[in-house]
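Me: I am new to this structure and would like a close look at a single part of it. Please take one helix and follow it outward to whatever it packs against and joins.

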Amino acid sequence: MGRLDGKVIIITGGARGQGEAECKLFTAEGARVVITDVLDDEASAVAKAAGATFIHHDVSDEAGWRRVVELTVGEYGAVTGLVNNAGIYRPEGLLACDMDTYRRVTEVNQTSAYLGMRAVAGPMAASGGGSIVNVSSVAGFIGQPVNFAYTAAKWAIRGMTRSAAIELAPSGIRVNSIHPGPIDTPMVRNLRPAGSEPPGPPPRVPLGRRGTAEEVALLVLYLLSDESSYCTGSEIVIDGGMIAG
Ligand SMILES: NC(=O)c1ccc[n+]([C@@H]2O[C@H](COP(=O)([O-])OP(=O)(O)OC[C@H]3O[C@@H](n4cnc5c(N)ncnc54)[C@H](O)[C@@H]3O)[C@@H](O)[C@H]2O)c1
């Protein structure tokens, strides 16, 4: 018996990194999974290998959200889980961050969670309830001079999560946010110059290493499963002790 038997879960940004690890883990635990992404070839391969479904969707596209939810319910008869995982990182502080960058980072990292929760809430309530996980970051707890728009969006996820948790609780829908520290995925690997040596241990992380996408997937699995039935409106940190330090 799988920990996600009977669940139907949408994961945004499923082509690689944490979304890919979640797709693999959740299907192995019995869920039927739909991944969305803008990287068609990578996402198609991930879905095929895991026995999941891929739908091309840019998370900032409102009409596309309706289509994703309709197709999911049409194929699997319900939707009981949503992971608002897709994200982009731009390493620009306040003075370097122009309006186009600010707008795009906000659309993909913040507005997407609003659109996703709104699109899924009705069908999820009709499915008997469910669980939504919004992926923030340790950047949602601290100020940083290097990623202004990203930090703003990841803080916003906390307010949206708490507000939605209260509003959707009567519909049987739980909403939590997770806050990863440095995780070894393409998002951070792609920031390094091509051909450069792998970096040493990350600074200010007591456990002395980057986390893996699989470790984050296990936390999200818990939040999507009935094992977390009394958790809602929570902010769960997975950061090797970074915030504690
Ligand atoms: N890696 C880290 O250190 C770290 C730390 C804290 C939080 N996070 C967050 O975790 C989440 C997953 O990141 P990751 O590390 O797996 O990064 P990643 O770059 O490896 O994966 C992100 C995925 O999102 C997809 N995506 C980007 N823009 C999209 C769009 N407009 N529509 C649909 N899909 C889109 C990408 O194509 C990619 O497949 C993100 O929200 C990120 O901000 C990552």
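Reply: M117 is a buried residue, because 23 C-beta neighbours lie inside 10 Å of it and 20 are enough for that class. The model is a predicted one. M117 belongs to helix α4, the part followed here.

Setting aside residues within four places in sequence, M117 is in contact with I132 and A164. Its distance from G93 can be given as well: 24 residues separate M117 and G93 in sequence, and 29 Å separate their C-alpha atoms.

T101 is another residue of helix α4. T101 counts as partly exposed, because 16 other C-beta atoms lie within 10 Å, a number between the limits of 12 for exposed and 20 for buried. Residues up to four places away in sequence aside, T101 touches R90, E92 and A149. T101 and T151 are 50 residues apart along the chain, and their C-alpha atoms are separated by 13 Å.

Next come the strands on either side of the helix in the chain. Helix α4, residues 99-126, forms a right-handed β-α-β unit with β4 and β5. The two strands of that unit run parallel and are joined by four bridges. Within this pairing, L82 has I132 of β5 as its bridge partner, and V83 has V133. I132 is also one of the residues that M117 contacts, so the contact links helix α4 to strand β5.

Strand β4 covers residues 81-84, and both of its faces are covered. G81 and V83 lie on one side, L82 and N84 on the other, and all of them are buried. Strand β4 also pairs with β1, residues 8-12; the two run parallel and three bridges join them. In this pairing I10 stands opposite L82. L82 therefore has I10 as a partner in β1 and I132 as a partner in β5.

Strand β5 covers residues 130-135, and six of its six residues are buried. G130, I132 and N134 point one way, while S131, V133 and V135 point the other way. Six bridges join β5 to strand β6, residues 173-180, and these two strands run parallel. One of the pairs is S131 with R174 of β6. The chain passes from β5 to β6 through helix α5, residues 148-168, in a right-handed β-α-β crossover.

The helix also has a place in the nonpolar core. The largest such core has 64 residues, and I9, V33, I35 and V220 touch the most other members. Helix α4 supplies the largest share of this core, nine residues. In soluble globular proteins, nonpolar side chains tend to be buried together.

One of those highly connected core members, I35, leads to another part of the sheet pairings. Apart from neighbours within four places in sequence, I35 is in contact with I11, G14, G19, C23, A43, V46, A47, A52 and F54. F54, in strand β3, also stands opposite I35. Strands β2 and β3, the latter covering residues 53-56, pair in the parallel sense over four bridges. Between them the chain crosses through helix α2, residues 40-50, and this β-α-β crossover is right-handed.

Strand β2 has a further role in the picture, beside the ligand. The ligand is surrounded by 28 residues, and the closest are G13, G17, G87, T185 and M187. The elements giving two or more residues to this shell are α1 (17-28), β2 (32-37) and α6. By type, the shell divides into 14 nonpolar, 11 polar and three charged residues.

A last stop is the loop between α6 (186-189) and α7 (213-224), where R204 is found. R204 has a phi near 65°, a positive value in a residue other than glycine. Most residues other than glycine have a negative phi. R204 counts as partly exposed, because 14 C-beta neighbours lie inside 10 Å.

To return to the helix: α4 joins β4 and β5 in a right-handed unit, and its residues include the buried M117 and the partly exposed T101. Nine residues of α4 belong to the largest nonpolar core.

How values were computed:
Residues are numbered from 1 along each chain as its sequence is written. This is a predicted model: local features need pLDDT of at least 70, side-chain atom pairs count only at pLDDT 80 or more; totals for chains, interfaces and linings use all residues. A crossover is right-handed if, with the strands pointing away from the viewer, the path from the first strand over the helix to the second runs clockwise. A nonpolar core is a set of buried Ala, Val, Leu, Ile, Met, Phe, Trp, Tyr and Cys residues joined through C-beta atoms within 7 Å. Two residues are in contact if their C-beta atoms, placed from the backbone, lie within 7 Å. A residue is near a molecule or strand if its C-beta atom, placed from the backbone, lies within 6 Å of it. Ala, Val, Leu, Ile, Met, Phe, Trp, Tyr, Cys and Pro count as nonpolar, Asp, Glu, Lys and Arg as charged, and the others, Gly among them, as polar.
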